[in-house]
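Trainee: I should like to understand the terms used for this structure. May I ask about them one at a time?

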Amino acid sequence: MSPALRSVVVGVGAYLPEEVVSNDDLAKVVDTSDAWIFERTGIRQRHRAAPEQATSDLAVAAAHRALATAGRSPADIDLIIVATTTSDLTFPATAAIVQRKLGVGVCPCFDVQAVCSGFVYALSVADGFVARGLARCALVIGAEIMTRLMDWTDRGTCVLFGDGAGAVVLEPQAGAGGPDDRGILGVSLSCDGEKQDLLYVDGGPTTTGTIGHLRMQGREVFRHAVVNISDAVLKAAEAAQIGVQDIDWFIPHQANQRILDGVARRLGLPPEKVICTVSQHANTSAASIPLALAAGVEDGRIRQGDLLMLEAMGGGLTWGAVALRF
Ligand code: UT7
């Protein structure tokens, strides 16, 4: 094995808006119940951004916390990537707005749009900079205000999503080139645009001229999720030269507890190795993986040196996984 520059996570932070919306709260808005939502999805509550908050505000709050845990300041940052489906404006990129609000100097800043898979896509893109020595301190953020995309008359979707942001700081460190290195070890990314009708937003600047609402054929998406995610995990593990049994913590996109359980079962991963936040956060799209990662780090489960597998699937359809040693 030849030596390698690895992209190592040196800081993790999260932010959840103050307002908590319970399933019972939603039962006052649409014909649903806590029992139905919890039984089908594992969701108990979600956070909702205040009307004056934009996605960049959530992203900045998470970034401050990630920088603090890394012992870094905005002056150190030389790359910002924001994974989001709910940008503040059509342009500039939310990453550019985050740069201004954080007071980061001139550097590359752009958004990655891969919906719920956005954070694994963004990590992979950032790895392309950091592991080539093109960035020395990268901020990778997943931030979403999904509640602004909901059709509040559609009970099949509006109960599933929430708002939040999570961020990591990535820095280069020399590794031996093998699976014992800290940092990103293996990646698998996919998209099948033929299946875009299963999960999409029915608006946009060059079609309707509106923001649109999220539309989903839930059962069909569910059917693809377990197979696609399991496949991505196996490919990322192979790229990282690890076996699934080596994984210390599985950090899935938090869409539905039944999908999490199904993937874990298919891969032979014990449930106690799966970080689950879906009951508290619901589906926060690109923010859900860094939010779950932050939860596992903050409560002391995830420690330096642990082998993590991050995975997601979302609109596109996109899916992917990243194996990394924390
Ligand atoms: O992050 C991207 C990925 N997204 C996902 O991974 C979502 C994947 N899909 C799912 O999680 C599930 O398909 C859902 C949770 C969205 C739905 O669960 P399901 O078991 O597939 O239910 P269904 O859509 O087949 O609907 C079953 C019944 C229907 O009633 P009828 O036609 O059988 O009378 C729905 O109208 O449940 C009804 N229903 C509801 N009832 C109460 C749908 N939504 C609700 C609701 N409350 N909120």
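Trainee: How many residues surround the ligand, and which are the closest?

Mentor: The ligand is surrounded by 23 residues, the closest being Thr32, Arg40, Arg219, Asn256 and Asn283. A residue counts as near if one of its heavy atoms lies within 4 Å of the molecule. Please note that this is a predicted model, in which local features need pLDDT of at least 70, side-chain atom pairs count only at pLDDT 80 or more, and totals for chains, interfaces and linings use all residues. Residues are numbered from 1 along each chain as its sequence is written, and side-chain values use heavy atoms, with hydrogens and water left out.

Trainee: What makes the approach of Arg40 to the ligand a polar contact?

Mentor: A polar contact is a pair of N or O atoms within 3.5 Å; within protein, one must be able to donate a hydrogen and the other to accept it, and residues adjacent in sequence count only if both atoms are side-chain atoms. A polar side-chain atom of Arg40 lies 2.6 Å from an oxygen atom of the ligand, so the pair meets the 3.5 Å limit. For Arg219 the distance to a ligand oxygen is 2.9 Å, and for His253 it is 2.9 Å.

Trainee: Which helix gives the most to the shell around the ligand?

Mentor: Helix H7 does, with 4 residues; helices here are DSSP runs of H or I with at least four residues, and strands are runs of E with at least two, numbered from the N terminus.

Trainee: Why is the ligand said to lie between two domains?

Mentor: Domain 1 (4-175) and domain 2 (183-325) both give residues to the shell, so the ligand lies between them. The domain bounds come from an automatic or database domain assignment.

Trainee: What makes the bond between Phe91 and Pro92 notable?

Mentor: Phe91 and Pro92 are joined by a cis peptide bond, with omega about 5°. Pro92 is found in the loop between strand E4 (79-83) and helix H4 (94-102). The bond from Gly316 to Leu317 is also cis, with omega near -15°, and Leu317 is in the loop between strands E12 (307-314) and E13 (318-325). Most peptide bonds are trans.

Trainee: What is the phi of Val115, and where is the residue placed?

Mentor: Its phi is near 50°, a positive value in a residue other than glycine, and Val115 lies in the loop between strand E5 (109-112) and helix H5 (118-130). Most residues other than glycine have a negative phi.
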